[in-house]
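Biologist: I should like to learn how helices, salt bridges and buried charges are read from a model. Could we take them in turn?

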Amino acid sequence: MDWRVFAERMAALARDLLAQETVTDTLDRITRSATELVPGCDAAGILILHAKGVRTLAPTDQVVIDSDRLQERLQEGPCYDVARRESADRVFRIADFREDHPGWPNYVRAARELGLGSMMGFLLYTEDEDLGALNIYSRGPGAFTEAGETAGWLLASHAAVAFSSARTHAQLEQAVATRHVIGEAMGILMGSHDLTEDQAFDVLRRYSQDKNVKLREVARRICERGGLS
C-alpha cells in the first residue's frame, strides 16, 4: 500500500465530492471510491437503518443489495450491527466466509450462497449524528489486510463528513424552496382576500392543521390554483 499515492487520491476525492450536485451523486462517488481505493474491494454500498427497516444506498453491485436484505431478514450481520447507534464498535470484519462466525452464524452461512469471500463494515458518523455504515465486499476470502482496513476507515471517516454536508445542503435548498412557495401563496391570499401578511399565514396554518396537509403542500396548491378552492 503506497500511502503517499493514497493520500493524493484522497485529496482528489475531497475536491470531487465537493463538486457533486446532489446527495445521490455524493453517495455514488463514495461507494465507487471504495472500489478504487481499498485494496481487494469488489463492491461497496451504504446501509441505513431506520424505523421501517434497512435501506441500501449507492450500491455498486447487486450483491450489496442482496447482503443488506439478508441481514435485514435475519436481523443480524456486521453491517446491520455497525449501523446501530448502540453499537460500541466502529469497524466490523469477516475475514473468510468459508468459516463459521460466532457473532453472525446465520448470516455467514446464508451469505456464502451470494458468492462473498470477505467483507468489512465501517460506521459513517459525524460528531452529532450516526449516519449508517459503509460496507465493502470481496469475492475472495482473506482479501482485506490491515492496510485495507485502515484505508477503508479513512475513506469512511472522510465520506461521513461529505455525506452529512451534502444532506445538510439539500435540506437547506428544500427549506429555501419551501419558504419561497409559502411566500408566493401568502401573496395570492393577501391580494385576493385583502389580508395582512400575518392573516394570510394564519389562513395557511389553519388550513394545514384542519386538513392534516403539510404547509408546503397547501402553499403549492394555492400557487397552482390561485386560491384555496
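Modeller: The dialogue below treats helices, salt bridges and a buried acidic residue. This is a predicted model, in which local features need pLDDT of at least 70 and side-chain atom pairs count only at pLDDT 80 or more, while totals for chains, interfaces and linings use all residues. Residues are numbered from 1 along each chain as its sequence is written, and side-chain values use heavy atoms, with hydrogens and water left out.

Biologist: How many residues does helix α3 have, and what span should they cover?

Modeller: Helices are DSSP runs of H or I with at least four residues, numbered from the N terminus. The expected span is 1.5 Å times one less than the number of residues. Helix α3 (residues 62-74) has 13 residues and should span 18 Å; its end C-alpha atoms are 18 Å apart, which agrees. For helix α2 (residues 23-37), with 15 residues, the expected span is 21 Å, and its end C-alpha atoms are 21 Å apart, again in agreement.

Biologist: Which residues of α3 are buried?

Modeller: Buried means under 20% relative accessible area, exposed over 50%, and partly exposed in between (1.4 Å probe, protein chains only). In α3 the buried residues are V63, V64, S67, D68, L70 and Q71. Seen down the axis of α3, these fall within an arc of 160 degrees, so they line one face of the helix; the arc is that of the directions from the helix axis to the C-beta atoms. On the other side of α3, R69 and R73 are exposed. In α2, the buried residues include L27, I30 and L37.

Biologist: What is found at the two ends of α3?

Modeller: A cap is read here from a polar contact, a pair of N or O atoms within 3.5 Å; within protein, one must be able to donate a hydrogen and the other to accept it, and residues adjacent in sequence count only if both atoms are side-chain atoms. D61 caps the N-terminal end of α3, with a side-chain oxygen 2.9 Å from the backbone nitrogen of V63. After α3 comes Q75, whose phi is positive, near 60 degrees.

Biologist: How many salt bridges does the structure hold?

Modeller: A salt bridge is a side-chain nitrogen of Lys or Arg within 4 Å of a carboxyl oxygen of Asp or Glu. The structure holds 12 of them. One joins R98 and D96 at 2.8 Å, N to O; R98 is exposed, with a relative accessible area of 63%, whereas D96 is buried, at 13%.

Biologist: Which salt bridges lie within helices α7 and α8?

Modeller: In helix α7 (residues 197-211), D202 and R206 are four residues apart, separated by about one helical turn, and their closest N and O atoms are 2.9 Å apart. In helix α8 (residues 215-225), R220 and E224 are also four residues apart, and the closest N and O atoms of this pair are 2.4 Å apart. R220 is partly exposed at 34% relative accessibility, and E224 is exposed at 57%. Salt bridges that share partners join E217, R220, R221 and E224 into one network.

Biologist: Where is E76, and what does its side chain reach?

Modeller: Charge is assigned by residue type: Lys and Arg count as positive, Asp and Glu as negative, and His and the chain ends are not counted. E76 is found in the loop between α3 and α4 (78-82). E76 is buried yet has no salt bridge, and the nearest side chain of opposite charge, R109, is 6.7 Å away. The side chain of E76 reaches the backbone nitrogen of Y107 at 2.8 Å.
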